[in-house]
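Visitor: Could you take me in for a close look at one part of this one? I'd like to start with a single pair of strand neighbours and work outwards from there.

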Amino acid sequence: MFLQIGEIAEQIPEITIHHKCEFVDQIFKKNPQLQGVAVTENGCTVALIMRIRFYQQIGTLYGYTLYMGRSVELVMDRNPLVVDYKTPIIDVSRLAMARNEENLYDYVIVTHGNALFGAVSVRDLLLNFAEIQAVAASFLNPLTGLPGNVSITEWMVKSLLQEQFSVLYIDLDHFKAYNDTYGFKEGDRMIQATAELLKHEALHLDGFLGHIGGDDFIIFISHYQYEECCRSIIRAFDMVVKDFYHAEHLARQFVLTESRSGRMEEIPLVSISIAVVTNRCRRFASVEDLSEEAARFKKSCKMIKGSSYVDDSDISLHKIGH
């Protein structure tokens, strides 16, 4: 898959402003598939002549006589879209689509070291853009748009090589009961709201946030300063979650739903659990070791009523009061 615009650029003829329009006409007639010609001066691109507009101009009643023996300056576009070889295709796509309607299908000129390298047609640009979007989508969770398990695994491996790291495993308690009571659509909204507040906190930590799936999330950071972040996540979640319940459920602090055994049970409102694994007290030989430690901490965390976090500081249990 190509990522930089220069990787899909193709060579096009270049001329100078001293050439006559008849020379451009000859180029186009010899190359029926060619859509444009670059005009350069001292190796730098100064203008573009697109086939369709060239023939629109010289195709008028007196156009052929008026233009053919004169300089290409009369027909060239002095403000083409020019980008560097290393510019991401996605960025170029946005720039190309933001052009005036009359220039929408013009070549995008690509330079390398300020010199003309080639050009990219809008067709090739959009085809590659679509491919990039499709590949990117395969790495993202469709519900939240957050990086999924492929990226998470890469970050796990990367973390093991760092001098300091903290991994925050985050999930929602009693979420199934909420889904059973309010429906999957509302459950999806709660997960999306959780993702939004986690984005805010991950940004403050300069960390990487991923969505493992369902109501499970993960944050990777390259330091041990996570305590205030955990407290902030808990406070924010406990405020946000109130908007997802009817007044009667908030007053009772539980929902009545059927258990796996088929009996009706009082299930507490959804809370958030955070299991924090670091390498300050232990070195991990593998991703599996890291995951096992996280599972142990999560089990401890879920034994606490309400939102809480657990870390490796004497396996302390932390809860933020309502």
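Guide: Let's start at Ala 275, which sits opposite Val 310 of strand β13. A quick word on what you're looking at: this is a predicted model, where local features need pLDDT of at least 70, side-chain atom pairs count only at pLDDT 80 or more, and totals for chains, interfaces and linings use all residues. Residues are numbered from 1 along each chain as its sequence is written, and side-chain values use heavy atoms, with hydrogens and water left out.

Ala 275 belongs to β12. The labels come from DSSP runs numbered from the N terminus (helices are H or I with at least four residues, strands are E with at least two). β12 and β13 run parallel and are joined by three bridges; strands count as paired if DSSP finds at least two bridges between them. β12 also pairs with β7, this time antiparallel and over eight bridges. One spot to click on there is Asp 173, whose bridge partner in β12 is Ser 271.

Now look at how covered β12 is. Eight of its eight residues are buried, where buried means under 20% relative accessible area, exposed means over 50%, and partly exposed is in between (1.4 Å probe, protein chains only). In a regular strand the side chains alternate between the two faces of the sheet. Here Ser 271, Ser 273, Ala 275 and Val 277 point one way, while Ile 272, Ile 274, Val 276 and Thr 278 point the other way, and all are buried.

What packs around here? Helix α9 is part of the picture: its buried residues pack against β12 (271-278) and β13 (308-310), and also against β7 (166-173), α8 (184-205) and β9 (216-221). Contact here means heavy atoms within 4.5 Å. The buried residues of α9 are Cys 229, Cys 230, Ser 232, Ile 233, Ile 234, Phe 237 and Asp 238. As for the helix itself, α9 covers residues 227-240, 14 residues in total, and spans 20 Å from first to last C-alpha, close to the 20 Å expected at 1.5 Å a residue. That expected span is 1.5 Å times one less than the number of residues.

Stepping out from there, try the loops. Just past α8, Asp 206 lies in the loop to β8 (208-213). Asp 206 has a positive phi, near 55°, and is not a glycine. With a relative accessible area of 70%, Asp 206 is exposed. Gln 253 is another non-glycine with a positive phi, about 65°, and it sits in the loop between α10 (247-252) and β10. Gln 253 counts as partly exposed, at 47% relative accessibility.

From Gln 253 you walk into a hairpin: β10 and β11 have five residues between them, and Gly 262 in the turn has a positive phi of about 95°. The two strands, β10 (residues 254-258) and β11 (residues 264-268), pair antiparallel over five bridges. Val 255 has Ile 267 of β11 as its bridge partner.

Further along the chain there's a helix pair to see. The axes of α6 (residues 149-160) and α11 (residues 287-301) come within 10 Å and cross at roughly 100°; axes are lines fitted to C-alpha atoms, for helices over the stretch in contact, and angles run from 0 to 180 degrees between N-to-C directions. That makes α6 roughly perpendicular to α11, a label for angles of 65 to 115 degrees, with under 35 roughly parallel, over 145 roughly antiparallel and the rest oblique. Met 156, Val 157 and Leu 160 of α6 meet Val 287, Leu 290 and Ser 291 of α11. Sorted by type, this contact has five nonpolar residues, one polar and no charged. For that sorting, Ala, Val, Leu, Ile, Met, Phe, Trp, Tyr, Cys and Pro are nonpolar, Asp, Glu, Lys and Arg are charged, and the others, Gly among them, are polar.

One last stop: Pro 142, in the loop between α5 (122-138) and α6. Pro 142 counts as exposed, at 83% relative accessibility. Its C-alpha is 9.9 Å from that of His 211, with their positions 69 residues apart in sequence.
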